[in-house]
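Visitor: I am new to this structure and would like a close look at a single part of it. Could you choose one and walk me through how it sits among its surroundings?

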Amino acid sequence: MNSARNALSPARSELILGGQKSGKSRRAELLANQWLSQSAGHSAVLIATAQPFDDEMRQRIDRHQADRAARVPGMRLVEEPLNLAAAIAQHSAPHTLVVVDCLTLWLTNLLMPAENASFEPLTGADIARTASLLVAIQQAAGPLVLVGNEIGMGVIPMGREVRAFVDALGRLNQDVAAACERVTLMAAGMPLTLKGPP
């Protein structure tokens, strides 16, 4: 098996990080397609965390769903903006690859609820949800791919709330990376393995 094929073989768990439009979701889709092509008994589920806060976001979600259905027609969609650990536990199985897209929006849902659209520090319940997510990653019965943004590589953001969000996302990414078998950084559509087998 050549190295290019190895790069597309799903790990037990993989965190895919990168900036916006870096190829994160496309890599997750390629992994899902690879998984589905390995056996007729394999299935794939996408757990989407985005919420349609406004018309632009609703249109973006609709476009992503249509594009994804065309690229990975065998992948089923589940929408879960908050209870991510429970959704992973429910849908993970030895024959099922689960893709979570994305962790950044999940954290946004916790810290900036749509009801008031204002920043709220992580509560005890939110911290417990994060701890439950890490357990769900470790206990996933089948391959798991998690997509998230790396947003801490630019200038220090202005505003207390934005700095707090960047800090919270950085901690979440570190914790999830530690729990995953493989970590991949995407830049300009190119994968760089940070942890685990290429």
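Guide: Let us look at helix α4, first by itself and then with its surroundings. This is a predicted model, in which local features need pLDDT of at least 70 and side-chain atom pairs count only at pLDDT 80 or more, while totals for chains, interfaces and linings use all residues. Residues are numbered from 1 along each chain as its sequence is written, and side-chain values use heavy atoms, with hydrogens and water left out.

Helix α4 covers residues 84–91; helices (H or I, at least four residues) and strands (E, at least two) are DSSP runs, numbered from the N terminus. Within α4, L84, A85, A87, I88 and H91 are buried, whereas A89 and Q90 on the other side are exposed. Here buried means under 20% relative accessible area, exposed means over 50%, and partly exposed lies in between (1.4 Å probe, protein chains only). Why do the buried residues share one side of α4? They span an arc of only 165° around the axis, which places them on the same side; the arc is that of the directions from the helix axis to the C-beta atoms. An α-helix has 3.6 residues a turn, so residues three or four places apart point the same way.

What does that buried side meet? The buried residues of α4 pack against strands β2 (43–48), β3 (75–79), β4 (96–101) and β5 (144–149), and against helices α5 (103–111) and α6 (124–139).

Take α6 as one of these partners. The axes of α4 and α6 are 8 Å apart, at an angle of about 20°; axes are lines fitted to C-alpha atoms, for helices over the stretch in contact, and angles run from 0 to 180 degrees between N-to-C directions. That makes the two helices roughly parallel, a label for angles under 35 degrees. L84, A85 and I88 of α4 make the contact with S132, L133 and A136 of α6, where contact means heavy atoms within 4.5 Å.

Now step back to the largest nonpolar core, which has 31 residues. Such a core is a set of buried Ala, Val, Leu, Ile, Met, Phe, Trp, Tyr and Cys residues joined through side-chain atoms within 4.5 Å. L133 is among the residues that touch the most other members. Both α4 and α6 are among the elements that each supply at least two residues of this core, while its largest share, seven residues, comes from α7.

How values were computed: Parallel < 35°, antiparallel > 145°, perpendicular 65-115°, else oblique.
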